[in-house]
Structure formats: C-alpha cells, structure tokens
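Grab a coffee and work through these short exercises with the structure open beside you. Each one sets a task and then walks through a solution.

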Amino acid sequence: MPREKIDLEQDIEYLSILNEKGEIDEDLEPDMKDDLLLDLHRAMLFGRRFDERMLNLQRGGKMGTFAPIKGQEAAQLGAVACLQDEDWLVPSFRETAAEIWRGKRPENILLAYAGFSEGGVIPKGINNLPAAIPVGTQTLHAAGIGYGIKFKGKKQVVMTFFGDGATSEGDFHEALNFAGVFNTPTIFVCQNNQWAISINRAHQTRSKTLAQKAIAYGIPGIQVDGNDVLAVYAAAKEAVERARNGEGPTFIECVTYRMSVHTTADDPKRYRSDEEVEKWEKRDPISRFQKYLKKKDLLSDEEIEEIESEIKEEIKKIVKGWEKKKKELEGRVDMFEGTFAELPAYLVEQKEEFESELPEKTEKPEEPEEPEADEESEE
Amino acid sequence: MAKLTMVQAINLALHQEMEKDEDVVVLGEDVGVDGGVFRVTDGLIDKFGEERVMDTPLAESGITGFSIGMAIYGLKPVCEMQFSGFGYMAMHQLEAHAARMRARSGGRFHVPMVIRMPYGGGVKALEHHSESREAYWAHTPGLKMVIPSTPRNARALLVSAIRDPDPVVFYEPKSSYRAFREEVPEGEETIPIGQSEIVREGEDLTLISYGAMMRPTLEAAEILEEEDGVQCEVIDLMTISPIDDSKFTESAKKTGRVVLVHEAPRSFGPGAEIIARLVEKSFLYLEAPIRRVTGYDVVIPLFQREFDYLPSAERIVRAARETLDF
C-alpha cells in the first residue's frame, strides 16, 4: 500500500519582468507595440492623477466616499490591456483606471461617487458591469457570463477583478469552482494589495500565495509582480489566449500595494506603519515603467511633463463638465425607473405619492430652458 | 387535456419553454441526470443535453451568481434551489445583484432569471425542509415572488416567470407536488405575474390565501357553506410581490369580513402587508377585526408535530366563525 506524494500536475510560478530599477529580463519581455506601451503609460498616469483629484474633491466635501487606486495602476491596466472591445469586464470597486480604459467616462465615475445614480449608467456597446461593492460576489457573474459566451459560441472572454480579501469569501471559491467545472473563458485577476481595510494579507489566509488557490480548482494560477505592468500584461495575455482558445479559466494574483487609504473613510495609520508604505513607494509601478520607456527611447522627461500637463487640462475639463452635469441633475429625481421593466400598480401609486411630495423635483419643465452661455468662450 | 400533478405540470412548462426558446437553460443540484430530487426536471437532459440542463456543483450562492451572469449575457436561466431552506445562500446574490442590476446599470443590463424553490411543510421532511419564508423575497425591491397553488396555475405562472424580463423567485408548494391532479391544457397558457384570482365567489366573508394553504382554505369554505350556510369569497394571490390588492380590497368592501391564511410565521408575514392594504383601502367597510390563521412565530417543529403548526381547515373555520360572530 503506498503512501506517496500526489502529483497535482500544477505548479505556481512567480513572474517579474521589469524591476523597480527599470531593469528588464529580455527573455521574458512581452512583444508589445510602442503605441500600446505609450497608451498604457498615459492611462497609468491619468489613473494616478485622476485619483489624486478625486481625493481632493472628496476632502473638499464635493464628493462622497470612494476607493482610491494609487499604486495599483499596473495591476489593473496591464490586465485589461489584453482585452478586446467586445470582451467583458466585471470589476469590483477599485478599478477606476481599468474602467476608464474600457470606455467608462470619468465624468460618470465622479457623478456616481458624488451620489448620483446616473453615473452608473453603462452605455450600449461597452461590456463593463457596474462596480460591485459586496466583496467577491461579482466573480460569480464573470463565471456565468463566461458560460454565456461559451454557450453562444462566441470568441469573447470575461475578466473579473477582486482583492486579497475577496479570496476569503465563499463566492470567490464557488466562482473558481464553477468556472473550472464548466471550463468558462474567465480570467480572475486578484489585486493583492496586502490590505483588506485593516486586515493584512498574512491574516487573510495561511496560504503562502493566493495564486495557489487555483490548484484546488484545477485551473492555472500564477503570481506576478503587480507593480510591473509588463509582467501583468504577459500573464494576462497568456490567460486571455487560453480562454479564447477554449482552454478555460485562469487565476492571476497581482502582488501590489494599496498606497493610499482603503476608502476615504479610512485611516490606515491605525493599522500600518509609514515605513511599510515608504518601502512600497520605492516599488512604484509608474516610475519603473517610465525608466523602461526612457531606456527604450520611447519617452523623455520633457514628454512626461507634456503628458502631465495635458492630463491636468483634461481632468480640469472633466471636473468642469461634471459640475455642470451635477447642477442639471440636482433638480431632478427619478428613483422609480429601473426597479422593474414595468412599474407594478403599487409602485405607480408610490411614484404619484412621491411626486406630490416633491413637485419641484419631479415636474418636467414645460419649455426647454434658455441655452446657457458657452462656458468655454467666457474664459 | 391531460390530468397532471403539479410536478408534471411544471415539467411540461419547462419542456415547452425550452423547446420554444433556445436561451432557456435549467441548472441546479441534481437537476440533470437525476431529474431533480422531486423529478421536476425529469427527462429534460435527454431532450436538451447537458449544455442546457446543467448539473452544477453543490453551491447555492454559486448557482445563483452564475445564473445572474448568464442572464446578463442574454440567456434565460431557470435555476433550482433543492429546498427553499438552502435558498438563503442565494439571498445575497439576489438582493445585491439580481434585484438591482437594471437600476444600477441604468437599464443597460437586466436579469431575466427564475429561481425555483420547493417550500413549505406537510411532507414529513427533515429539519430545514419545511419553512415558508416568502416574506424575505417579497420584501426585496426588484424581485418578484410567485407561489402557485394548483398544477394548472403552476404551469401557467412558470411560463410567465421564464418570459419575465426581471428576476422571479418561484416557490413551489411541495406538499401539493403530487397531492392531486388537474386538467392542464397541452397548448400554451400563461397567467400574468402580479394578478390574483377569485377562485370562489361569495358575499359573507373573504378568505385570502395562496400556495399550499389554498387547499385547507377552500376546504374551510366548503365546511362553512355546508354547516353554517356562509358564502365565502376565496382569493388566491398567486403572486406575493408585486402584490395585487385590487381583488381582495374590493372583496372586503363587499363582505366586510376577512380571514387570511398562510403557513409562514405571522409577524411581518405577507398577511401583515395584506392587512395594511385592507386598512388603507377598505377600512370603512370592515365589520370585524381581520383574523390571521398562520404559522406561529416559532422554529417549525419536526414532522411529528408539523400539522399542529400548519394552518388547518378547522383552524380557518374557527377563525371565520369568530369573525362572522363579531
């Protein structure tokens, strides 16, 4: 009778291509077009600056609670850069940069975090699900969407994001299991940013890696340096290709760091040291990518400055457009549409009651308002 | 027309809707090869294959969340919770996502799914197999909650639920699964969700119920006619949410006396909502306090005593007489 080691036929690899000094492993360097590299750089920088502006707006009382992405730009953008337009994105609540990459309008992100449900509207043609706040729940939708893709015989894939905390949730395990059993074209991207509010990674699970949880479900798993956009891209590209070829799901653990707060309602000084944050600041995903692009002669310091100022202008315009839109929406309330395709009788009654309570907010203007002066020309 | 049990009638609805619409997919624990533990999905896998009749891993939240993804993508999943007592695992997915997706995405996505669950007592089942907790689902904006009472209306309501563009929780009274047969037409038949039915007309007293409790309620109406000469008007709600209050509020105006019956616990149960609406819309016509014949607010006892817990025709008759004598 044997007592012997079982060959699980799977190992967990760690992938790092571009280190924090900007040094590259040329054997592993992914084949990426210059335009894509520059687009990614711009998107990462935009993600960082937009995040900073949002924090600023929130601190100024103009916006509600949100979850900053600072430090996680590479982990999310490197992954979504592998998707085609017709593919699907199933985000959690910390994928602002990825959502923008996939066509979500930054004004709408601001609107949603300023408390207007209109910001959550997903336009036709963009296959992004709305951000999911209940941790880990959305991973199951990605498994189900993957089944739909397979059922219809399409060549699409679906990518879902979640954090290290989500790997403790039952839904995450059920999602990996369903995706494995039904071999769906689903890419599970974990942004392991080391902290689930105040609970650190070591406290979340005794597992050495999160990636190894893939082994339990019989699907490929890989751990990558999540602050290395090239490594994230390379791993995601392999996973997307496998999914598109009918070879099923993959779990990618991006080891990254939440450089800012969990949400704006959080004070990380209560649970983590400044030294730890400083250590990770040295591993910043953007500065190392810039070093790489400069070495490749794709980018100069002057060009970085130019991009910075373009982004600044762009964000200014976005904020201005958002403030205007907010004013338009402040006078209107319609909370009844969208509960069902058709309002049942009791909701029609409640809607009428509501409209009689707040006539000034629910009456439709009879005449179109005078066109406002063009703000641009006032400057 | 064939005389079918409720199990056969639901099976007929699934067969016909799957034939009609290739996007209808049935999934759940043991629904494929085994045909479901109650045989509701019997024969579907042979006809439609395992891509459309999916035996899933044993995970209720997984089945529900997976179905939500399928529905968002454009399929019409009909998923089964083996027993409603295990359906609470689906609550988070239904509340947080299925019920909200239309509103959250500004109408871009919606979730046309049905989640079937056998519910209720009276079959000498194990613990966790006998509850009646429809109020949980009915309390959730964005979810519809349907409970049929006979083979024919089960078939017609399930067809409507499958075609509904929004998520529908479909409770099946398992004590009625094989208890009696009814003529069910082979041809298509639907009953709109959100519509109640007057199943017996009368002038003296209004009895309101739904699901498995329709049988003792109708039995009570017979007894009251035979022994007391009382004509009861009996209303079958069929849909708990969105509730149709048009018929029972009108009936109460006519009779002035109402007894309502459900096996769910009394406090905060569907009866409380029905009474609220009667007070709002029929108050000035009421001649007597409204009586609730319901399950008690206790953990439902194991099966030796479950019939002491469940409303019976005798309990309904007693409450009706007190209401009539008031």
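**Exercise 1.** Count the helices and strands of chain A, then work out how compact the chain is.

*Solution.* Start with the count: in this predicted model, chain A holds 15 helices and eight strands. Next, take its radius of gyration, 23 Å, and set it beside the 21 Å that the globule rule gives for 379 residues. Those values are close, so chain A is as compact as a globular protein of that length. Finally, look at burial: 42% of the 379 residues in chain A are buried.

**Exercise 2.** Find out which elements of chain A touch chain B, and what kinds of residues sit on that side.

*Solution.* First, the head count: 29 residues of chain A and 35 residues of chain B make up the contact. On the chain A side, α5 (138-151) and α6 (170-181) are the elements giving two or more residues. The largest share, 10 residues, is from α5(A). Then sort that side by class: you get 17 nonpolar, nine polar and three charged residues.

**Exercise 3.** Trace the seven-stranded open sheet of chain B and say which strands stand at its edges.

*Solution.* Write down the order, β3-β2-β4-β5-β7-β6-β12, with mixed pairing. Now check the ends: β3 (53-55) and β12 (239-241) of chain B each have a single partner strand, so one side of each has no neighbour in the sheet. Zoom in on one pair: β2 (24-28) and β4 (76-80) of chain B run parallel, joined by five bridges. There, Val26(B) has Val78(B) as its bridge partner in β4(B). Last, add helix α7 (151-163) of chain B, which packs on the sheet and runs at about 165 degrees to the direction of β7(B).

Notes. Residues numbered from 1 in each chain as written. Chains lettered and ligands numbered in written order. Predicted model: local features only at pLDDT ≥ 70, side-chain atom pairs only at ≥ 80, totals over all residues. Helix = DSSP H or I, 4+ residues; strand = E, 2+ residues; numbered from the N terminus. Rg over C-alpha atoms; globule rule 2.2 N^0.38 Å. Buried ≥ 20, exposed ≤ 12 C-beta atoms within 10 Å, placed from the backbone. Contact = placed C-beta atoms within 7 Å. Nonpolar A, V, L, I, M, F, W, Y, C, P; charged D, E, K, R; others polar. Pairing = 2+ DSSP bridges. Axes fitted to C-alpha atoms, helices over the stretch in contact; angles between N-to-C directions.
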